[in-house]
Amino acid sequence: MKKAIVTGHSKGLGAGLVQSLIHAGFDVLGVSRSALGETDDHLSEVALDLADEAAVSAFASGEDFARFLAGATDAVLINNAGIVEPVAPIGRQNASLVARAIAVNVTGPLLLTNAFVAATQGAADRRVAHISSGAGRNAYTGWSVYCATKAALDMHARAMVEDGVTALKVESIAPGVIDTGMQATIRATPEEDFSILDQFKAMKEEGALAQAQDTADKITAHILSAGFGSETITDVRQF
């Protein structure tokens, strides 16, 4: 029995991952603030704000989470949800947005990963994929919060590997630059808060952004491949 959990599943890369996993024979539990709006016997959905630490903790320790994973022989968790805001230089960042970014980008994935590993001890094959970013590996002006939170996911993946948990493979994957709502948010940022704004506008105008479903297909194929986990910090452009 193949089971997968995908966060941020209702749009963009997350929606693409859902379709790729269902096509690969998985039952998928999508976790997002909103529903995908499609009917599929292989998709279940949970409405959850990943910025709400108490709600995430309750979900991760609850019966629905454990029930979905019960009996899985192959289990996958993809921590895909993430937010780029606040985009601003240090000293001009909104405090509530900083806290929200840490909750969605770091706290949520760590809580869900811990619960996933605990709930899948009987699975013969279990895999955790963090959707990270090149921003976790390179510093960018205006993105100190985003860079820091994605770097945290990379280090979390490295440390999990050191734990040597039975039948668990882990990677933190940078998905490249995709034509999603996050890119639209970036392009709407005031230039005084993001001095390299023109670079991101140019990528859109020049057609340099990857399509979400194409990237999702590549990531899913890699996650399900024999080579997944052979390297911990990876980039979709390597696949």
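Strand 6 and strand 7 (residues 233–235) pair in the parallel sense over 3 bridges, where two strands count as paired if DSSP finds at least two bridges between them. Helices (H or I, at least four residues) and strands (E, at least two) are DSSP runs, numbered from the N terminus. The model is a predicted one, in which local features need pLDDT of at least 70 and side-chain atom pairs count only at pLDDT 80 or more, while totals for chains, interfaces and linings use all residues. Residues are numbered from 1 along each chain as its sequence is written, and side-chain values use heavy atoms, with hydrogens and water left out.

Within the pairing of strands 6 and 7, Ser 172 has Ile 233 of strand 7 as its bridge partner. Strand 6 also pairs with strand 5 (residues 125–131), in the parallel sense and over 6 bridges. In that pairing, Val 128 stands opposite Val 170 of strand 6. The connection from strand 5 to strand 6 passes through helix 5, and this β-α-β crossover is right-handed; that is, with the strands pointing away from the viewer, the path from the first strand over the helix to the second runs clockwise. Strand 6 (residues 168–174) is largely enclosed by the rest of the structure, because 6 of its 7 residues are buried. Buried means under 20% relative accessible area, exposed over 50%, and partly exposed in between (1.4 Å probe, protein chains only).

Ala 167 is placed in the loop between helix 5 and strand 6. Its relative accessibility is 31%, so Ala 167 counts as partly exposed. Phi of Ala 167 is near 60 degrees, a positive value in a residue other than glycine. A second backbone feature is found in the loop between strand 4 (74–79) and helix 4, where Pro 86 lies. The peptide bond from Glu 85 to Pro 86 is cis, with omega near 5 degrees. Most residues other than glycine have a negative phi, and most peptide bonds are trans.

Phe 116 lies in helix 4 and counts as buried, at 0% relative accessibility. Leaving aside residues up to four places away in sequence, Phe 116 touches Phe 65, Leu 69, Ala 75, Val 76, Leu 77, Arg 126, Arg 127 and Val 128, contact meaning heavy atoms within 4.5 Å. Phe 116 and Arg 127 are 11 residues apart along the chain, and their C-alpha atoms are separated by 9.6 Å. By contrast, Glu 192, in the loop between helix 6 and helix 7, is exposed, with a relative accessible area of 59%. Glu 192 touches Pro 89 and Arg 92, not counting residues up to four places away in sequence.

The largest pocket has a volume of about 1,100 Å³. Of the 44 residues lining this pocket, Gly 82, Ile 83, Tyr 146, Thr 180 and Met 182 are the closest to its centre. On a 1 Å grid over the protein atoms alone, a cavity is a set of points where a 1.4 Å probe fits but cannot get out, whereas a pocket is an open set with protein on both sides within 12 Å along at least five of seven lines; lining residues have an atom within 4 Å of a point. Grid points are joined across faces, edges and corners, and a volume is the space filled by probe spheres set on the points. The elements that each supply at least two lining residues are helix 1 (12–23), strand 2 (27–32), helix 4 (95–119), helix 5 (144–163), helix 6 (181–187) and helix 7 (197–205). Helix 6 gives the most, with 5 residues. By class, the lining has 20 nonpolar, 17 polar and 7 charged residues (Ala, Val, Leu, Ile, Met, Phe, Trp, Tyr, Cys and Pro count as nonpolar, Asp, Glu, Lys and Arg as charged, and the others, Gly among them, as polar).
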